[in-house]
Amino acid sequence: MKLNTKLAVLVDGTTSNVSLIGNEISHNYHYGIYTAAPLIAHDNNFYQNELHALHAISPCDATYNWWGTFFGPAITELGPGERISRNM
């Protein structure tokens, strides 16, 4: 899932039991994943997404992913990894 002008994955607030396992989510202009529903994301590779690799309005389980660096994800633009929102 890459090279999208807005986002690669949109999960609206009316869905449930969503899992994203084993994907490459990269080179997206705004968001790799934007979710308004709880989400499980494991074993994905996030890198070179412009704004956020994962932006979550609802709490999400996003463990066991690659965030573009060994340091893990960044909550601000100052961190070395792909940016995520605080609802993880």
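Analyst: A residue counts as exposed when its relative accessible area is over 50%, as buried when that area is under 20%, and as partly exposed in between. The model discussed here is predicted.

User: Why does Phe70 count as exposed?

Analyst: Its relative accessibility is 79%. The cut-off is over 50%, so Phe70 counts as exposed.

User: What makes Trp66 partly exposed?

Analyst: Trp66 has a relative accessible area of 33%. Buried needs under 20% and exposed needs over 50%. Trp66 meets neither, so it is partly exposed.

User: Which aromatic pair is stacked, and what makes it so?

Analyst: Three aromatic pairs are counted. In one of them, Phe46 and Trp67 have their centres 4.5 Å apart and their planes at 5°. Pairing requires centres within 6.5 Å, and stacking requires planes under 30 degrees apart. Both conditions hold, so this pair is stacked. Phe46 belongs to strand 6 and Trp67 to the segment after strand 8, so the pair ties together parts 21 residues apart in sequence. Both residues are buried.

User: Why is the pair of Trp66 and Phe70 called edge-to-face?

Analyst: The ring centres of Trp66 and Phe70 are 5.3 Å apart, with the planes at 80°. Edge-to-face needs planes over 60 degrees apart, so the name fits this pair.

User: Which residues touch the most other members of the largest nonpolar core?

Analyst: They are Val11, Ile33, Leu39, Phe46, Leu54 and Trp67, out of 17 residues in that core. Strand 1, strand 2, strand 5 and strand 7 each give two or more residues to it. Strand 7 gives the largest share, three residues. Leu39 also has contacts beyond four places in sequence, among them Val11, Val18, Leu20, Ile33 and Leu54.

User: How do you know that the side chains of strand 2 alternate?

Analyst: Val18 and Leu20 point to one face and are buried. Ser19 and Ile21 point to the other face and are not buried. In a regular strand, side chains alternate between the two faces of the sheet.

User: What joins strand 2 to strand 5?

Analyst: Four bridges join them, and the two strands run parallel. Pairing takes at least two bridges, so strand 2 and strand 5 count as paired. Val18 stands opposite Leu39 in strand 5, and Ile21 stands opposite His42 in strand 5.

User: What makes strand 2 and strand 8 edge strands?

Analyst: The open sheet has three strands in the order 2-5-8, with parallel pairing. Strand 2 and strand 8 each have a single partner strand, so one side of each is left without a neighbour in the sheet.

User: Why does Asn44 count as buried?

Analyst: Asn44 has 1% relative accessibility. The limit is under 20%, so Asn44 counts as buried. Asn44 sits in the loop between strand 5 and strand 6. Its side chain reaches the backbone oxygen of Leu20 at 2.9 Å. Residues it touches beyond four places in sequence include Ile25, Tyr64 and Trp66.

User: What makes Ser58 buried?

Analyst: Its relative accessible area is 14%. That is under 20%, so Ser58 is buried. Ser58 lies in the loop between strand 7 and strand 8.

User: How do you know that the side chain of Ser58 has a polar atom at 2.9 Å from a backbone oxygen, and which residue does that oxygen belong to?

Analyst: The oxygen belongs to Ala36, and the computed distance is 2.9 Å. The limit for a polar contact is 3.5 Å. Ser58 is also in contact with Thr35, Ala37, Pro38 and Asn87, among residues beyond four places in sequence.

Note on methods
Residues are numbered from 1 along each chain as its sequence is written. This is a predicted model: local features need pLDDT of at least 70, side-chain atom pairs count only at pLDDT 80 or more; totals for chains, interfaces and linings use all residues. Side-chain values use heavy atoms; hydrogens and water are left out. Buried means under 20% relative accessible area, exposed over 50%, partly exposed in between (1.4 Å probe, protein chains only). A polar contact is a pair of N or O atoms within 3.5 Å; within protein, one must be able to donate a hydrogen and the other to accept it, and residues adjacent in sequence count only if both atoms are side-chain atoms. Contact means heavy atoms within 4.5 Å. A nonpolar core is a set of buried Ala, Val, Leu, Ile, Met, Phe, Trp, Tyr and Cys residues joined through side-chain atoms within 4.5 Å. Rings of Phe, Tyr and Trp (its six-membered ring) pair if their centres lie within 6.5 Å; planes under 30 degrees apart count as stacked, over 60 as edge-to-face and the rest as tilted.
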